[in-house]
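Me: I'd like a close look at one part of this model, please. Take one chain and walk me through how its strands pair up, then step outward from there.

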Amino acid sequence: MKAPFALFRPAGGVGPVIIASVVVISVFGTRLAMAQKEDAAARRNRKSTYAALAEAPERASEKKNPFEGDTQAVAAGGKLFEQHCADCHGSKAGGTRQGPSLLREEVQQATPGTMFWILSNGVVRRGMPVWSKLPEQERWQIVTFLQSLKIQSVTHNQ
Amino acid sequence: MVARIIPEPIRRNFPGLIALIFSLLFCRPSLVLAQESPYIVTYDHYLEEPGSLEVEYFSTFGTQRGGNDFDAFWTEFEYGATAWWTTELYVDGQTTFNDSTIFTGFRVENRFRLLQREHLVNPVLYIEYEQTSGADKILKEVEGHDVESDYADSNAVLRKEHDHELEMKLLLSSTFKGWNVAVNPIVTKNLLPSEPWEFAYAVGASRPLALKASPTRCNFCLENFIAGMEMYGGLGDTQSAGLHDTSHYLAPVVAWNLPSDWTFRLSSGFGLNDNSHRLLLRWGISREFSGFGEVVGRLFGGRP
């Protein structure tokens, strides 16, 4: 009968291969499990991050953007976004550690009225301040800019 | 010796702290535009953005009958802890002409947003502790029976008086069609048991000069200017409430928010009765450092 430590003999055999395999599988398995766990957490986090969009009252979400399709408003909104929003949401609205991406479909499929409502009311519990200190027209200009990002991405894909 | 006095975590991060101070002083202005209200005494319901630090310097020139005119000044460090909580430190001083320049005390203030969403009227709770001398003349609020003659004595006499006060305000503010209207009822208690509760008020209204942004970055666009008016004064105390022996001011105000993060404010307050200083000319300059909280967090081992 072989001694229990016979597997560790450097002379060769299947022992080192089995040990190495177990270590590799354990490490990769753990990392995979962690990644899945992180993914699930990120999904949950994303879901709750964007959940605020669903909280907009129907009347608010049905509001029409008075600057829809206005290129001047897109430019002005882009300037306002850069000045007030880019620090948290990123200069290209792709998100940072402070604020979520505004390019995701959850945001891009939201109505202009919903975006306006979120801007006006903030998501205070999640760290987004209220922006009603910006005049209503400036908030609509920002919404127009955000809507233009969707158009740009569609054009880019074509 | 000095090294022993400085706590270990600060000593370890000393190069980082130096870098932080340099970055505060000399860093390239970011693209964040401060959108500050023009009020100097009145508060609206907008708090500092989370993680942002605003450093402000204000000066008040006041005329003084029966004494020397003065220039009182204070520095504010305002930090957005969360979207519903802003915390602030004030350091006060003053120069009385033909007299002296002295440090007059400090104040610690916290503001808490009470409702998550915007409503017709938005309440914010303001709580301040102040430790000042009787020579404090910043007149950030005019309380109880504060009158002009209280400030007529020399600094040597005034600074002998020490005030430990707790001040509470309910900041009620509403924004509609570009107009902001803010009303602040104020209650103050000197922490000496014998002292009465004092009452005061501050109200303000303001509006940006343009409600629509221009497409290009500009310094002198009308959208960068907010103008308004504020009025403030005392309402007596629990022993003698009312308007007798109180002072009141009316002050046109204007703020200029520059795209480079700087804000300038100007206010000329006119005394409305004989108990008031004839003129309180105030100006202020402030700069916002967005992402300050994150920078500090990284210095002390936070996640990159």
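What percentage of the 304 residues of chain B count as buried?

Reply: Keep in mind that this is a predicted model. In chain B, 39% of the 304 residues count as buried. The chain holds five helices and twelve strands. Take its contacts with a separation of 6 or more: 63% of them join residues 24 or more positions apart.

Now zoom in on strand β1 of chain B, residues 53–62. It pairs with β2(B), residues 70–82, in the antiparallel sense, and ten bridges link the two. For a spot to click on, B:Phe61 sits opposite B:Asp71 of β2(B). β1(B) also has β12(B), residues 279–289, as a partner, again antiparallel and over ten bridges. Here B:Glu56 is the one to pick: its bridge partner in β12(B) is B:Ser286. While you're looking along a strand, remember that in a regular one the side chains alternate between the two faces of the sheet.

Stepping outward, chain B meets chain A in a contact that takes 28 residues from B and 27 residues from A. The side of chain B that touches chain A is made up of 13 nonpolar, nine polar and six charged residues.

Over in chain A, have a look at helix α6, residues 112–121, which is mostly covered, with eight of its ten residues buried. Among them are A:Phe116, A:Trp117, A:Ile118 and A:Leu119. Just past the end of α6(A), A:Gly122 adopts a positive phi of about 65 degrees.

Definitions and conventions: Residues are numbered from 1 along each chain as its sequence is written. Chains are lettered from A and ligands numbered from 1 in the order in which they are written. This is a predicted model: local features need pLDDT of at least 70, side-chain atom pairs count only at pLDDT 80 or more; totals for chains, interfaces and linings use all residues. A residue is buried if 20 or more other C-beta atoms lie within 10 Å of its own, exposed if 12 or fewer, and partly exposed in between; C-beta atoms are placed from the backbone. Helices (H or I, at least four residues) and strands (E, at least two) are DSSP runs, numbered from the N terminus. Two strands pair if DSSP finds at least two bridges between them. Two residues are in contact if their C-beta atoms, placed from the backbone, lie within 7 Å. Ala, Val, Leu, Ile, Met, Phe, Trp, Tyr, Cys and Pro count as nonpolar, Asp, Glu, Lys and Arg as charged, and the others, Gly among them, as polar.
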